[in-house]
Amino acid sequence: AVGVGPDSLPLTTVLEKAARLGRRTGMLVTCEVTHATPASFAAHRVDRDLYEDIALDLSKAPLNWLVGGGRNHFSTRSDQRDLLTEMKRSRGMTLMNRAEEVLQDQPGVDRQALTALLWDGPAPSILQGRDSSLMARLAERACRDLDRPGVLSRDSGFFLMIEGSQIDWGGHANDGAYVLTETMDLDRVVGAVLDFAQRDGQTLVLMTADHETG
């Protein structure tokens, strides 16, 4: 289950609490954004595998910045709905399809609400050719985009969840090279975030593992 208690009723997540306090919120992952960890921060479903239902929740969640995979759960759905188009129409969401668009400064582009689902499934692994600097650069971009004046005060801060999702998958597969390359990638991401936090002087960085599978 994601975002619900034993009684199947929704529980308020830390991301939702941050949004209620006027803080901007974002998520960056190497899996589908509908996968269990990101879903747990912004969706409420009794089964983690209800990907299309989770996508529907995410399309309505108080997210200002969402980058990862899982485009198919939003645009090629069994109910024929195109949630990305709906997000653009109802929420004024800026939609991007390529990482280069997310990384570039583009005059006139509203980055106050940005969604970029870069892959139908998860991101390619590092071993499959994913640029080893991509996630770190996206993390730095996320911090910059979210570090803007908030709703309730001039500088209300932000909440950003980043997951090095595929370390776990390498552990499940007992694939040492997969684990190591994805862990090294996350290390670069952490470095980029710590660099931002050091410059900012007011950012708390927490790092944890949801579970160990090596």
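Strand β2, residues 65-69, is mostly covered: five of its five residues are buried. This is a predicted model, and β2 is a good place to enter it.

**The sheet around β2**

β2 has partners on two sides. Strand β1, residues 24-32, pairs with β2 in the parallel sense over four bridges. Within that pairing, Met27 has Leu66 of β2 as its bridge partner. Strand β4, residues 114-119, also runs parallel to β2, and five bridges join the two. Here Val67 stands opposite Ala116 of β4.

β1 pairs with β5 as well, in the parallel sense and over six bridges. Met27 appears again: its bridge partner in β5 is Met161.

Put together, the strands form an open sheet of five, in the order β3-β4-β2-β1-β5, with parallel pairing. β3 (94-96) and β5 (158-163) are the edge strands, each pairing on one side only. Neighbouring strands of the sheet are turned against each other by 10 degrees on average, direction ignored.

**Helices and their packing**

Helix α7 (134-146) lies across β1, β2, β4 and β5. Its direction is at about 165 degrees to β1. Two helix pairs are set side by side below.

| Helix pair | Angle between axes | Axis distance |
|---|---|---|
| α3 (51-60) and α5 (83-91) | about 20 degrees | 10 Å |
| α7 and α9 (176-200) | roughly 25 degrees | within 8 Å |

Take α3 and α5. Their axes are 10 Å apart and pack at an angle of about 20 degrees. That makes α3 roughly parallel to α5. The crossing of α3 and α5 is right-handed. On the α3 side, Ala55, Leu56, Leu58, Ser59 and Lys60 make the contact; on the α5 side, Leu83, Met87 and Arg91 meet them. By type, the residues of this contact are five nonpolar, one polar and two charged.

Which residues of α3 are buried? They are Ile54, Ala55, Leu56, Asp57, Leu58 and Ser59. Asp57 is thus one of the buried residues of α3. The cover over the buried residues of α3 includes β1, α2 (36-42), α4 (72-75) and α5.

Now α7 and α9. Their axes come within 8 Å and cross at roughly 25 degrees. That makes α7 roughly parallel to α9. The crossing of α7 and α9 is right-handed. From α7, the contact uses Met135, Ala136, Ala139, Glu140 and Cys143. From α9 come Asp185, Arg188, Val189, Ala192, Val193, Phe196 and Arg199. The residues of this contact divide into eight nonpolar, no polar and four charged.

**A loop residue: Ile126**

Ile126 lies in the loop between β4 and α7. Is Ile126 buried or exposed? Its relative accessible area is 16%, so Ile126 is buried, the cut-off being under 20%.

What does Ile126 touch, leaving out residues up to four places away in sequence? The contacts are Asp131, Ser132, Thr181, Glu182, Asp185 and Arg188. Asp185 and Arg188 are also among the α9 residues that meet α7. Gln166 offers a further reference point for Ile126: the two are 40 residues apart in sequence, and their C-alpha atoms are 9.6 Å apart in space.

Terms used:
Residues are numbered from 1 along each chain as its sequence is written. This is a predicted model: local features need pLDDT of at least 70, side-chain atom pairs count only at pLDDT 80 or more; totals for chains, interfaces and linings use all residues. Side-chain values use heavy atoms; hydrogens and water are left out. Buried means under 20% relative accessible area, exposed over 50%, partly exposed in between (1.4 Å probe, protein chains only). Two strands pair if DSSP finds at least two bridges between them. Contact means heavy atoms within 4.5 Å. Axes are lines fitted to C-alpha atoms, for helices over the stretch in contact, and angles run from 0 to 180 degrees between N-to-C directions. Angles under 35 degrees count as roughly parallel, over 145 as roughly antiparallel, 65 to 115 as roughly perpendicular and the rest as oblique. A crossing is left-handed if the near helix is turned anticlockwise from the far one by less than a right angle, and right-handed if clockwise. Ala, Val, Leu, Ile, Met, Phe, Trp, Tyr, Cys and Pro count as nonpolar, Asp, Glu, Lys and Arg as charged, and the others, Gly among them, as polar.
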